[in-house]
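I opened the notebook to look up a few side-chain contacts, the core and one hairpin. The entries follow in the order I made them.

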Amino acid sequence: MSAQPEPRRDKATEEAQLRAVWAKPKGWRYWTSVNNAQVGLWYGATAFAFMLFAGLLGLLIRAQLAVPQNDLLSAETYNQVYTLHGTVMMFLFAVPIFEAVAIFLLPPMLGARELPFPRLGAFGFWSFLIGGVFVCGSIFFGAAPNSGWFMYPPLATSEQAGIGADIWLLGLSFIEVASLAAAVELIVGIMKCRAPGMRVNLMPLFAWYLLIVAGMILFAFPPLIAGDLLFELQRMFDWPFFDPARGGDPLLWQHLFWIFGHPEVYIIFLPAIALLAMIVPTFARRPIVGYSWIVLAAVGTGFLSFGLWVHHMFATGLPQISLAFFSAASEAVAIPTAVQIFVFIATMLAGRVIFSTPMLFAMGGIAIFVMGGLTGVMVALVPFDWQAHDTYFVVAHLHYVLIGGMLFPVFAGLYYYYPLIGGRRMSDRVGRFAFWLMFAGFNITFFPMHLTGLRGMPRRVYTYPADIGWDWLNLISTMGAVVLGIGMFAVVMDVTLHRRGKPRGEVNPWNAGTLEWISEPEENWGVRSIPRIESRYPLWDQESLAKQVNAGDWYLPDAKEGRRETLVTSVLDAEPEQVLRVGGTSYVTIISALALGTVFVALTFKWWIVSLISGLAFMAALLWWLWTGTGDIPEKDEKDIGHGISLPLYASGVKSVGWWAMFITMTGDGTAFASLTFGYFFFWTVHEDFTGGIAGPGMFWPMVALALFALSWAAALGAREVNRRRKLAMARILLGCGALTSIAGCAAALAGPFTTGMNPTAHVYPAIVWTLVIWAALHGAAGGIMQLYCLARSLAGRLTHRHDMELHNIALYWHFMLVTALVTFAVVGLFPEAL
């Protein structure tokens with residue numbers, strides 16, 4: 001970074017340049033946009049549409065259970081409706097709605113023009129849309145999943161599950177790609193694209209919460225993806241991971257699912273609390289009380305949430321020490337959760353609360369969540385859980401936590417942030433009417449379910465006899481569901497109809513203090529110019545900041561080169577490091593999502609050729625995306641960003657956002673690999689004869705594969721170092737040799753189980769060995785392709801000794817790959833044979 005005198009500026013010309021560069025496409029090309037404002041709105045609208053669809057399914061459930069011996073729905077149809085209701089609410093609304101809010105809000109909230117990978121965000125949206133339509137559409141063909149939203153084997157692995165189980169497994173695996181893509185973008189954006197001066201202790205609480213949640217996604221979603229992989233290998237190829245007759249165990253699925261499933265509750269809850277953390281200070285007219293405490297409590301909640309999964313399995317016959325440990329952990333998580341609730345109460349008591357519509361929804365959500373938390377403490381106690389397990393008491397608890405902890409805060413956020421979406425406030429009259437209908441309807445619906453459950457009504461039953469005392473409670477719940485539905489419909493009408501033709505209102509009608517309220521709804525950039533931040537509530541504490549930002553008085557006020565740009569800052573202190581050029585409008589996001597989606601759909605129907613062709617099309621689109629959209633060599637070394645500061649236009653290594661994206665992606669990948677390794681040792685520990693008398697792959701081929709992968713790792717590191725020293729020919733030789741040794745390593749890895757005749761359908765031992773070996777081989781092949789890609793860029797003059805971002809990223813990948821290879825071949829080659 002260097003300082004230079006600031007020349008005279010024509011602000012009108014600068015603004016026109018920015019508006020032209022950031023303009024959204026017109027006509028049908030509008031759908032190729034990658035702007036955070038458009039993608040965030042698409043994401044949010046789609047998630048709300050899925051929520052309404054799931055709500056209609058919920059009303060069908062309540063209509064079926066309204067009276068005893070009802071024949072409105074058949075048992076099969078009810079099972080599909082029930083499964084899809086839970087699936088859509090959990091996977092297609094609860095998590096994606098916060099990804100949508102984050103994509104829309106974070107750039108202006110962080111004082112950035114855009115998140116660092118806008119095309120990745122758009123790709124995630126199209127993946128989410130395609131996967132969601134595929135899963136939801138199955139019910140109209142009688143092919144929806146029917147085994148419950150947690151798909152327990154052996155029911156879900158049986159023929160009775162039908163193609164619906166494959167749709168669930170493959171459709172949701174595709175949707176999880178969107179969640180992981182969003183997590184990568186959010187983490188890098190929050191860590192590296194904050195406004196100058198926005199140190200980590202000045203970040204808005206919303207950003208803190210989203211950073212924690214995105215990190216949780218990296219550790220929670222991959223175990224489910226690993227479980228889906230094992231599940232689909234059994235359904236598609238008869239590999240017996242969950243078949244006890246061939247050494248498998250259905251409990252492995254429960255472990256992998258709930259390692260995801262319980263953190264998922266907090267992945268849903270914490271962003272909702274993040275919305276409340278923005279709303280409560282605004283309407284209490286004072287900064288949040290205990291900023292540091294709420295951040296530490298959020299971190300603690302996220303950390304503890306990964307130690308709770310077994311409390312869903314108290315009735316499976318686990319050892320007593322496990323029951324005691326996980327019961328204590330389940331009780332302990334109430335402490336940081338309570339800290340967050342008390343912080344909000346203290347803020348309201350210390351301020352002068354304005355009871356606006358957003359505040360009504362916020363306080364209603366807190367009240368309902370506290371009730372759900374109390375019943376959560378009850379089911380965390382093993383003796384009570386044994387009584388209430390799989391009854392409607394658990395259904396009531398789940399909905400009190402998720403709807404109180406998520407849905408009401410989402411509606412609070414909708415009313416609070418709608419001025420940034422539509423340029424005007426929503427109707428207070430309609431909002432208050434909707435709130436009271438929803439609050440009353442929710443409690444009328446779900447509170448009686450506690451009593452229904454205590455009277456012994458099990459979950460997932462589609463009808464019941466008339467003489468056991470459940471009928472009147474179910475009828476009350478159904479009436480309440482109708483009231484709740486009317487309240488939600490009122491909000492939908494408010495969004496779609498009420499304000500048409502009305503003039504725009506003021507930009508910041510609530511007089512909020514955080515930076516996102518600088519944003520102008522009609523513009524496509526996050527902020528007009530990027531300011532220097534000095535407090536947690538800059539609009540309250542920095543006089544005239546909004547006018548200065550919108551007048552272009554701060555950093556990066558122009559787009560003279562015709563490129564979309566934002567600032568990259570340091571992780572801790574947010575000091576400017578680079579001007580980052582981000583990707584613009586492109587078809588490649590849609591093409592990539594369609595190709596990858598076709599792979600999953602084709603696998604569902606076992607269309608192998610279609611799946612192969614689509615996979616190749618996806619790889620081609622991905623390579624084109626990377627070749628044309630990343631690592632461009634700029635036309636000059638530095639750019640003047642104003643105030644006498646010039647920053648580099650190119651960065652590699654740890655200062656590069658690409659390096660961070662690779663690190664975060666491989667962290668999630670490593671979590672999936674750890675989950676598969678957990679499966680290997682799970683089978684080893686639960687069976688006296690883990691191998692079933694079957695010979696393993698031996699030590700020779702695994703050690704050869706490890707040595708070859710180590711050579712490829714060394715070649716990647718060597719290429720990076722000699723390229724830096726301008727020895728381009730040697731770097732290219734090393735990249736070519738690295739790719740060849742990687743391919744040889746893949747062959748050696750597969751040779752182990754192949755030459756010893758390990759049949760993956762005969763027993764779980766060869767099946768899990770083949771799974772780990774194939775995982776390592778596929779990652780080795782990916783590493784080889786990356787080395788060839790770097791070689792091609794070097795030959796094309798797109799990779800030089802100074803512009804070597806790709807080499808740093810590939811070297812980082814190979815660090816992870818070497819660990820994967822070391823663990824894989826040590827495990828399959830040494831255990832249990834070496835003991």
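Entry: charges over rings. I looked up Arg536 and found it over the face of Tyr291, 3.7 Å from the ring centre. I then looked up Arg793, which lies over the face of Trp627 at 5.2 Å from the ring centre. I note here that the model is predicted.

Entry: the core. Which residues touch the most other members of the largest nonpolar core? They are Leu106 and Phe241, in a core of 265 residues. Helix H8, residues 251-284, gives the most to this core, with 23 residues. As background, I wrote down that nonpolar side chains tend to be buried together in soluble globular proteins.

I listed the contacts of Phe241, leaving aside neighbours within four places in sequence. Leu230, Leu233, Gln234, Gly248 and Asp249 are among them. The list also includes Phe683, Val764, Ala767, Ile768 and Thr771.

Entry: aromatic pairs. The count comes to 79 aromatic pairs. I took Phe91 with Trp149 as one case: the ring centres are 6.4 Å apart and the planes are at 65°, so the pair is edge-to-face. The cut-off behind that label is planes over 60 degrees apart.

Where do the two residues of this pair lie? Phe91 is in helix H3 (residues 75-94), and Trp149 is in the loop between helix H5 (118-137) and helix H6 (162-192). The pair therefore ties together parts that are 58 residues apart in sequence.

I checked whether these rings were buried or exposed. Phe91 has 5% relative accessibility and counts as buried. Trp149 is buried too, with a relative accessible area of 8%.

Phe91 also forms an aromatic pair with Trp168, edge-to-face, at 6.0 Å centre to centre and 85° between the planes. This pair links distant parts of the chain, with Phe91 in helix H3 and Trp168 in helix H6, 77 residues apart. Trp168 counts as buried, at 0% relative accessibility.

I also recorded one aromatic cluster. Its members include Phe48, Phe93, Phe361, Tyr400, Phe408 and Phe411. Tyr415, Phe435, Trp436, Phe439, Phe442 and Phe446 belong to this cluster as well.

Entry: Glu565. I found Glu565 in strand E2, residues 565-569. Why does Glu565 count as buried? Its relative accessibility is 2%, and the cut-off for buried is under 20%.

Which side chain does Glu565 join through a polar contact of 3.1 Å? The partner is the side chain of Arg581. Not counting residues up to four places away in sequence, Glu565 touches Trp22, Arg113, Leu556, Asp558, Val579, Leu580, Arg581, Lys639 and Leu649.

Entry: a hairpin. Strand E4 (residues 638-642) pairs with strand E5 (residues 645-648) in the antiparallel sense, over 4 bridges. I looked up Glu638 and found that its bridge partner in E5 is Pro648. How many residues lie between E4 and E5 in the hairpin? There are 2, and His643 in the turn has a positive phi of about 55°.

Entry: Gly162. I looked up Gly162 last and found it in helix H6. With a relative accessible area of 28%, Gly162 is partly exposed. The C-alpha atoms of Gly162 and Pro145 are 7.8 Å apart in space, and the two residues are 17 residues apart in sequence.

Methods. Residues numbered from 1 in each chain as written. Predicted model: local features only at pLDDT ≥ 70, side-chain atom pairs only at ≥ 80, totals over all residues. Heavy atoms only, no water. Core = buried A, V, L, I, M, F, W, Y, C linked by side-chain atoms within 4.5 Å. Buried < 20%, exposed > 50% of the residue type's maximum accessible area, 1.4 Å probe, protein only. Contact = heavy atoms within 4.5 Å. Phe/Tyr/Trp six-rings, centres within 6.5 Å; stacked < 30°, edge-to-face > 60°. Lys NZ or Arg CZ within 6 Å of the ring centre and 35° of its normal. Polar contact = N/O pair within 3.5 Å; in protein donor to acceptor, adjacent residues only side chain to side chain. Pairing = 2+ DSSP bridges.
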